[in-house]
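Biologist: I am new to this structure and would like a close look at a single part, the second largest pocket. Please take me through its lining and the elements around it.

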Amino acid sequence: MEVYEDSSLRGRVFAKLREDILSGAYRENDELREITIGEEMGVSRTPVREALRQLELEGLVKIIPNKGAYVTGITPRDVKDIYKIRSMLEGLCARWATEHITPEQTDELEEILLLMEFHMKKRPEERAAQMSALDGRFHQVLYEASDSRILEHVLSDFHKYVKMARTRSVGSKERAEKSLEEHREILEAIKKKDKILAEKLANRHVMKVMENLHIEE
């Protein structure tokens, strides 16, 4: 029972710290103090230390012996690499979704597109957050529709890693409109069971998002 509780605490601390790093709550080179984090989360230093080691394995934190743990974060080069890899995997996901998608998942994707159209009319500061959330849900449904637990897990993680970049990508109304159109084209290809076209469109969509970010290394 004790091992289960320790593991559960570590997982909770890890998830919270990773979310804070990826959302920008922590900046690059910020120090992550075990005592401070433990007090804030109401846990001992042990699960915090274990979570920091796990974050180091993911490349989000660097632990310097006798000094402390510091945020590495996601670099512009990392973001570009993630989008390039994602473009191929999202294409594969759309191909498999064409073969396995359920009527319920198709209906949910249709509903998401309608909500995106609705939120497109809002003010820029309101639109970006809503569009980003809906964009995330659209892709998550596709991941689930691929019927591959492994592919869903990998793509879900990649999606979290570029959370801030995704929000910026739908910040302009012009790009948001194009993104909505690209989503609609992907869904139509899937509904027509055209897996080759669905793969091509999904691949191109992710690359368009990356190009829109104008990432400088």
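Modeller: The lining of the second largest pocket draws most on helix α3, which gives 4 residues. Please keep in mind throughout that this is a predicted model. The pocket itself has a volume of about 240 Å³, and among the 13 residues that line it, those closest to its centre are L32, E34, R45, G68 and A69. Several elements take part in this lining, since at least two residues each are supplied by β1 (31-32), α2 (34-41), α3 (45-57), β2 (61-64) and β3 (68-71). Sorted by class, the lining holds 6 nonpolar residues and 6 charged ones, together with 1 polar residue.

The strands named here also belong to a sheet, an open one of 3 strands in the order β1-β3-β2, with antiparallel pairing. Its edge strands are β1 and β2, each of which pairs on one side only. Between β1 and β3, which run antiparallel, there are 2 bridges, and L32 stands opposite A69 in β3. These two residues, L32 and A69, appear again in the pocket, where both are listed with the residues closest to its centre.

To sum up this part, the second largest pocket is lined by 13 residues, with α2 and α3 contributing at least two residues each, as do the strands β1, β2 and β3.

Terms used
Residues numbered from 1 in each chain as written. Predicted model: local features only at pLDDT ≥ 70, side-chain atom pairs only at ≥ 80, totals over all residues. Heavy atoms only, no water. 1 Å grid on protein atoms, 1.4 Å probe; cavity = no way out; pocket = protein on both sides within 12 Å on 5 of 7 lines; lining within 4 Å. Points joined across faces, edges and corners; volume = space filled by probe spheres on them. Nonpolar A, V, L, I, M, F, W, Y, C, P; charged D, E, K, R; others polar. Pairing = 2+ DSSP bridges.
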